[in-house]
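I opened the model and kept notes as I went. The entries below follow the order of my look-ups.

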Amino acid sequence: MTVRQPLEPLEPLPPDLFEELCPSAMAPFRFGDKWSALVIRCLEEGPRRFSELRVPLRRVTPKVLTQTLRGLERSGLVSRTAHADPASGVEYALTPLGRSLLEPMRVVYGWVAEHWEELLDAQERYNAPPLRNPA
(Lines give C-alpha, C1' and ligand atoms only; values in the text may rest on other atoms or scores of the structure.)
Protein backbone atom coordinates (compact mmCIF):
# COMPACT_ATOMS: atom_id res chain seq x y z
CA MET A 1 0.00 0.00 0.00
CA THR A 2 1.32 3.44 -0.94
CA VAL A 3 0.72 6.34 1.43
CA ARG A 4 0.50 9.77 -0.20
CA GLN A 5 0.01 13.26 1.00
CA PRO A 6 -3.54 14.50 0.51
CA LEU A 7 -4.09 16.28 -2.79
CA GLU A 8 -6.43 19.10 -3.45
CA PRO A 9 -10.02 17.87 -3.41
CA LEU A 10 -11.30 16.65 -6.74
CA GLU A 11 -14.60 17.67 -8.23
CA PRO A 12 -17.36 15.26 -7.20
CA LEU A 13 -18.21 12.61 -9.73
CA PRO A 14 -21.40 13.47 -11.61
CA PRO A 15 -24.35 11.16 -10.90
CA ASP A 16 -24.90 10.70 -14.65
CA LEU A 17 -21.29 9.68 -15.35
CA PHE A 18 -22.54 6.32 -16.56
CA GLU A 19 -25.74 6.77 -18.48
CA GLU A 20 -28.25 3.95 -18.55
CA LEU A 21 -27.04 3.07 -22.05
CA CYS A 22 -23.36 3.54 -21.25
CA PRO A 23 -21.11 1.54 -23.62
CA SER A 24 -19.34 -0.10 -20.68
CA ALA A 25 -22.64 -1.59 -19.54
CA MET A 26 -23.03 -3.18 -22.97
CA ALA A 27 -19.65 -4.92 -22.84
CA PRO A 28 -20.38 -8.63 -23.28
CA PHE A 29 -17.97 -9.54 -20.53
CA ARG A 30 -15.91 -7.71 -17.98
CA PHE A 31 -12.16 -7.93 -17.68
CA GLY A 32 -12.78 -9.34 -14.23
CA ASP A 33 -15.08 -12.03 -15.63
CA LYS A 34 -13.14 -15.17 -14.98
CA TRP A 35 -14.39 -17.52 -17.69
CA SER A 36 -15.97 -15.76 -20.70
CA ALA A 37 -12.72 -15.05 -22.52
CA LEU A 38 -11.61 -18.66 -22.00
CA VAL A 39 -14.90 -19.98 -23.39
CA ILE A 40 -14.53 -17.73 -26.43
CA ARG A 41 -11.01 -19.08 -26.99
CA CYS A 42 -12.33 -22.66 -26.76
CA LEU A 43 -14.86 -21.88 -29.51
CA GLU A 44 -12.33 -20.17 -31.77
CA GLU A 45 -11.78 -23.22 -34.01
CA GLY A 46 -15.44 -24.16 -34.34
CA PRO A 47 -18.56 -25.44 -32.54
CA ARG A 48 -18.12 -27.48 -29.38
CA ARG A 49 -20.38 -29.53 -27.18
CA PHE A 50 -20.70 -28.74 -23.48
CA SER A 51 -18.71 -31.87 -22.57
CA GLU A 52 -15.89 -30.79 -24.90
CA LEU A 53 -15.72 -27.38 -23.23
CA ARG A 54 -15.50 -29.03 -19.82
CA VAL A 55 -12.13 -30.63 -20.69
CA PRO A 56 -9.94 -27.48 -20.86
CA LEU A 57 -12.28 -25.66 -18.45
CA ARG A 58 -12.19 -28.40 -15.81
CA ARG A 59 -11.86 -25.86 -12.99
CA VAL A 60 -15.26 -24.38 -13.90
CA THR A 61 -18.28 -25.99 -12.30
CA PRO A 62 -21.00 -27.09 -14.72
CA LYS A 63 -23.34 -24.50 -13.21
CA VAL A 64 -20.90 -21.63 -13.76
CA LEU A 65 -20.07 -22.81 -17.27
CA THR A 66 -23.79 -22.90 -18.08
CA GLN A 67 -24.22 -19.38 -16.67
CA THR A 68 -21.22 -18.16 -18.68
CA LEU A 69 -22.51 -19.70 -21.90
CA ARG A 70 -25.97 -18.20 -21.33
CA GLY A 71 -24.45 -14.78 -20.74
CA LEU A 72 -22.41 -15.02 -23.93
CA GLU A 73 -25.50 -16.18 -25.81
CA ARG A 74 -27.50 -13.27 -24.38
CA SER A 75 -24.79 -10.87 -25.55
CA GLY A 76 -24.94 -12.31 -29.06
CA LEU A 77 -21.42 -13.73 -28.95
CA VAL A 78 -22.32 -17.42 -28.84
CA SER A 79 -25.07 -19.40 -30.50
CA ARG A 80 -26.61 -22.53 -29.00
CA THR A 81 -27.85 -25.28 -31.31
CA ALA A 82 -29.91 -28.14 -29.87
CA HIS A 83 -29.86 -31.07 -32.29
CA ALA A 84 -32.92 -33.28 -32.82
CA ASP A 85 -30.80 -36.36 -32.20
CA PRO A 86 -30.19 -36.58 -28.42
CA ALA A 87 -26.83 -38.25 -29.08
CA SER A 88 -25.68 -35.10 -30.88
CA GLY A 89 -26.75 -32.96 -27.93
CA VAL A 90 -26.19 -29.22 -27.87
CA GLU A 91 -23.41 -27.33 -29.61
CA TYR A 92 -22.09 -23.87 -28.89
CA ALA A 93 -20.41 -21.74 -31.54
CA LEU A 94 -19.14 -18.21 -31.91
CA THR A 95 -21.40 -15.88 -33.83
CA PRO A 96 -19.89 -13.37 -36.27
CA LEU A 97 -20.09 -10.85 -33.43
CA GLY A 98 -18.22 -13.25 -31.15
CA ARG A 99 -15.58 -13.83 -33.85
CA SER A 100 -15.07 -10.07 -34.07
CA LEU A 101 -13.78 -10.18 -30.47
CA LEU A 102 -10.94 -12.58 -31.25
CA GLU A 103 -8.51 -9.93 -32.53
CA PRO A 104 -9.05 -7.48 -29.62
CA MET A 105 -8.58 -10.42 -27.26
CA ARG A 106 -5.26 -11.25 -28.96
CA VAL A 107 -4.15 -7.68 -28.28
CA VAL A 108 -5.05 -8.05 -24.59
CA TYR A 109 -3.23 -11.39 -24.41
CA GLY A 110 -0.19 -9.75 -25.99
CA TRP A 111 -0.29 -7.00 -23.38
CA VAL A 112 -0.52 -9.59 -20.60
CA ALA A 113 2.43 -11.53 -22.03
CA GLU A 114 4.47 -8.33 -22.29
CA HIS A 115 3.71 -7.34 -18.69
CA TRP A 116 3.59 -10.83 -17.17
CA GLU A 117 6.42 -10.31 -14.67
CA GLU A 118 5.08 -6.92 -13.58
CA LEU A 119 1.62 -8.38 -13.04
CA LEU A 120 2.98 -11.28 -10.99
CA ASP A 121 5.17 -8.93 -8.93
CA ALA A 122 2.19 -6.67 -8.23
CA GLN A 123 0.08 -9.62 -7.07
CA GLU A 124 2.88 -10.91 -4.86
CA ARG A 125 3.34 -7.48 -3.28
CA TYR A 126 -0.38 -7.19 -2.68
CA ASN A 127 -0.62 -10.68 -1.16
CA ALA A 128 2.51 -10.37 0.99
CA PRO A 129 1.85 -10.14 4.73
CA PRO A 130 2.40 -6.65 6.11
CA LEU A 131 5.76 -6.02 7.73
CA ARG A 132 5.56 -5.71 11.49
CA ASN A 133 7.53 -3.11 13.38
CA PRO A 134 9.47 -4.70 16.25
CA ALA A 135 8.15 -3.43 19.56
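**Entry 1: Glu52 and its partner.** This is a predicted model. I began with the exposure of Glu52. Its relative accessibility is 35%, so I log Glu52 as partly exposed. Next I asked which side chain Glu52 meets in a salt bridge. The partner is Arg48, with 3.4 Å from N to O. Arg48 has a relative accessible area of 30%, so Arg48 is also logged as partly exposed.

**Entry 2: a salt-bridge network.** I then looked for salt bridges that share partners. They join Arg41, Glu44, Glu103 and Arg106 into one network. The salt-bridge count comes to four.

I went through Glu44 pair by pair. With Arg41, Glu44 forms a salt bridge whose closest N and O atoms are 3.2 Å apart. With Arg106, Glu44 forms another, and here the closest N and O atoms are 2.5 Å apart. This second pair links distant parts of the chain. Glu44 sits in the loop between H2 and strand E1 (48–49), while Arg106 is in helix H6. They are 62 residues apart.

Is Glu44 buried or exposed? I find 16% relative accessibility, and the cut-off for buried is under 20%, so Glu44 counts as buried. Its partners read otherwise. Arg41 comes out at 43% relative accessibility and therefore counts as partly exposed. Arg106 has a relative accessible area of 40%, so Arg106 is partly exposed.

**Entry 3: the chain as a whole.** I stepped back to the fold. The chain has seven helices and three strands. I read the order from the N terminus as α-α-β-α-α-β-β-α-α-α. What share of the 135 residues counts as buried? The value is 21%.

**Entry 4: the nonpolar core.** I keep one general point in mind: in soluble globular proteins, nonpolar side chains tend to be buried together. I looked up the largest nonpolar core here, and it has 19 residues. I listed the residues with the most contacts inside this core: Val39, Ile40, Leu43, Leu53, Leu57, Leu65 and Val78. Which elements give two or more residues to this core? I noted helix H2 (36–42), helix H4 (62–74), strand E3 (90–94) and helix H6 (102–114). H2 gives the most, with four residues.

**Entry 5: Leu102.** I checked one residue of helix H6, namely Leu102. Its relative accessible area is 7%, which means that Leu102 is buried. I then took the C-alpha distance from Leu102 to Ala37. It is 9.2 Å, across 65 residues of sequence.

**Entry 6: Val64.** I turned to helix H4, where Val64 is found. Val64 has 28% relative accessibility, so I enter it as partly exposed. I also looked at Val64 against Trp35. The two are 29 residues apart in sequence, and their C-alpha atoms are 8.6 Å apart.

**Entry 7: Arg49.** Strand E1 holds Arg49. I get 33% relative accessibility for Arg49, so Arg49 counts as partly exposed. I asked how far Arg49 is from Val90 in space. The C-alpha to C-alpha distance is 5.9 Å, with their positions 41 residues apart in sequence.

**Entry 8: surface charge.** Last, I looked for charge on the surface. Which residues form the negative surface patch? They are Glu114, Glu117, Glu118, Asp121 and Glu124. I then asked which helix gives the most to the negative patch. Helix H7 (residues 116–127) does, with four residues. Glu118 is found in helix H7.

**Closing note.** I end with two points to keep side by side. Glu44 is buried at 16% relative accessibility, and Glu44 bridges to Arg106 in helix H6. Helix H6 is also among the elements that give two or more residues to the largest nonpolar core.

Conventions
Residues are numbered from 1 along each chain as its sequence is written. This is a predicted model: local features need pLDDT of at least 70, side-chain atom pairs count only at pLDDT 80 or more; totals for chains, interfaces and linings use all residues. Side-chain values use heavy atoms; hydrogens and water are left out. Patches are made of residues with over 30% relative accessible area and no salt bridge: like charges are joined within 9 Å, nonpolar side chains (Val, Leu, Ile, Met, Phe, Trp, Tyr) within 5 Å. Accessible areas come from the Shrake-Rupley method with a 1.4 Å probe; for residues, only the protein chains shown count as cover. Lys and Arg count as positive and Asp and Glu as negative; His and the chain ends are not counted. The place of a charge is taken as NZ of Lys, CZ of Arg, CG of Asp or CD of Glu. A nonpolar core is a set of buried Ala, Val, Leu, Ile, Met, Phe, Trp, Tyr and Cys residues joined through side-chain atoms within 4.5 Å. Buried means under 20% relative accessible area, exposed over 50%, partly exposed in between (1.4 Å probe, protein chains only).
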